[in-house]
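Here are some exercises to work through with the structure open beside you. Try each task yourself before you read its solution.

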Amino acid sequence: MPREAPPDAFGRTAREYELGRPGWPDELLDRVVAELGLAADAAVLDLGAGTGKLTRALVPRFARVVAVEPDDAMRAVLEEVVPEAEALAGRGEAIPLGDAEVDAVFTAEAFHWFASEESVAEIARVLRPRGALVILWNIALEFDDMGAEAEAVIEAALERGGVPGLGKVLSGVWRTPVESGPFGALQEAEVERELVNTRDEWIANMLSVSSITHQPDGDRAAFAARLRELVPPEREVRRLFRTVAHWTRLA
């Protein structure tokens, strides 16, 4: 089976991604913005924006927010929920902006899919002098115990689908093109937070995992149906996350 998601995988579960994926904590974003000295009149780019989970937090902070997302289905949800942003088709290796057009590039839960010398060069191209790059991750630390049967169903689905993208995040391989590129040293801050979700939000999050998204429609539907059988609809699910921000500037 594929060991990473194909280009259209997340679009197959765009609504589930929007429902189930966590957003971004204001206190961490505020710290990054302050550390970088980004003003309210700045122009920023959300690269690999997905359904706009980060975009919606950038819109009230900056005068111009561009959201670039390659998948049509994901971008359609983004345009629906964050109409204030400029949503454009594009990817990390081909950003549809001019040279030196933005003050900062943000990328949340996405950089591990396109981290390369080519994409870092593109990011540097669209940044103004001393422009900033911000890379964000949500890393799940703990989930409520959902019961042995539900855990077995999840393990079997992940085994069918292969290793999810989180391994690329935790390995740190995404750092290499940044650290060998035209940027300064990466700075880092993090927060831990507990999120409480409904059963359906939790199932939607599971369906949005890369090793699940690329599986056939029937397999995904059966997986979700079995979880609904095993977990009662009134059940709340507690999840502990470590949310990490990395930032740097053009040297």
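**Exercise 1.** Find Thr-13 and work out which residues beyond its neighbours within four places in sequence are in contact with Thr-13.

*Solution.* This is a predicted model, so keep that in mind all the way through. Start by locating Thr-13: look in the segment before α1. Next, list its contacts, skipping neighbours within four places in sequence: you should get Leu-207, Ser-208, Thr-213 and Arg-220. Last, check accessibility: Thr-13 comes out at 3%, so it counts as buried.

**Exercise 2.** Move on to Leu-19 and decide how Leu-19 counts by relative accessibility: buried or partly exposed?

*Solution.* Leu-19 sits in helix α1. Its relative accessibility is 45%, and buried would need under 20%. Leu-19 therefore counts as partly exposed. For its contacts, leave aside the neighbours within four places in sequence, and you find Asp-200, Glu-201 and Ala-204. Glu-155 is 136 residues apart from Leu-19 along the chain, and the two C-alpha atoms are separated by 22 Å.

**Exercise 3.** Now look at helix α10 (residues 199-207) and find out how many of its residues are buried.

*Solution.* Go along the helix and pick out the buried residues: Arg-199, Trp-202, Ile-203, Ala-204, Asn-205, Met-206 and Leu-207. That's 7 of the 9 residues, so α10 is largely enclosed by the rest of the structure.

**Exercise 4.** Work out where the buried residues of helix α2 (residues 26-36) lie around the helix, and what covers them.

*Solution.* First collect the buried residues of α2, which are Leu-28, Leu-29, Val-32, Val-33 and Leu-36. Now look down the axis: these residues fall within an arc of 135°, so they line one face of the helix. Then see what covers them: the list includes α3, β5, β6 (187-198) and β7 (236-249). Just after the helix comes Gly-37, with a positive phi of about 65°.

**Exercise 5.** Do the same for helix α4 (residues 72-81), and find the residue that caps its N-terminal end.

*Solution.* Met-74, Arg-75, Val-77 and Leu-78 are buried in α4. Around the axis they cover an arc of only 160°, which puts them on the same side of the helix. Among the elements covering them are α1 (14-20), α3 (55-58), β2 (64-68) and β3 (86-88). For the cap, go to Asp-71: one of its side-chain oxygens lies 2.9 Å from the backbone nitrogen of Ala-73.

**Exercise 6.** Find out how helices α7 (residues 148-161) and α12 (residues 217-230) are packed: roughly parallel or roughly antiparallel?

*Solution.* Take the angle first: it is about 170°, and the axes are 9 Å apart. Angles over 145 degrees count as roughly antiparallel, so α7 is roughly antiparallel to α12. On the α7 side, the contact is made by Glu-149, Ala-150, Val-153, Ile-154 and Ala-157. Helix α12 brings Phe-223, Arg-226, Leu-227 and Leu-230. Sort these residues by class and you get 7 nonpolar, no polar and 2 charged.

**Exercise 7.** Look up Glu-109 and Arg-130, each with a positive phi although not a glycine, and say where each is found.

*Solution.* Glu-109 has a phi of about 60°, and its place is in the loop between β4 (102-108) and α5 (111-114). With a relative accessible area of 18%, Glu-109 is buried. Arg-130 has a phi of about 65° and is found in strand β5 (residues 127-143). At 47% relative accessibility, Arg-130 counts as partly exposed.

**Exercise 8.** Finish with Phe-106 and Glu-122: list what each touches, not counting residues up to four places away in sequence.

*Solution.* Phe-106 is in strand β4 and is buried, with a relative accessible area of 0%. It touches Leu-38, Val-44, Leu-45, Asp-46, Leu-47, Leu-54, Leu-58, Phe-62 and Val-134. Glu-122 is in helix α6 (residues 117-126) and counts as buried at 14% relative accessibility. Its contacts are Gly-92, Glu-93, Ala-94 and Ile-95. Within its own stretch of chain, the side chain of Glu-122 makes a polar contact with the side chain of Arg-125, at 2.6 Å.

Definitions and conventions. Residues numbered from 1 in each chain as written. Predicted model: local features only at pLDDT ≥ 70, side-chain atom pairs only at ≥ 80, totals over all residues. Heavy atoms only, no water. Axes fitted to C-alpha atoms, helices over the stretch in contact; angles between N-to-C directions. Helix = DSSP H or I, 4+ residues; strand = E, 2+ residues; numbered from the N terminus. Parallel < 35°, antiparallel > 145°, perpendicular 65-115°, else oblique. Contact = heavy atoms within 4.5 Å. Nonpolar A, V, L, I, M, F, W, Y, C, P; charged D, E, K, R; others polar. Buried < 20%, exposed > 50% of the residue type's maximum accessible area, 1.4 Å probe, protein only. Arc of directions from axis to C-beta. Polar contact = N/O pair within 3.5 Å; in protein donor to acceptor, adjacent residues only side chain to side chain.
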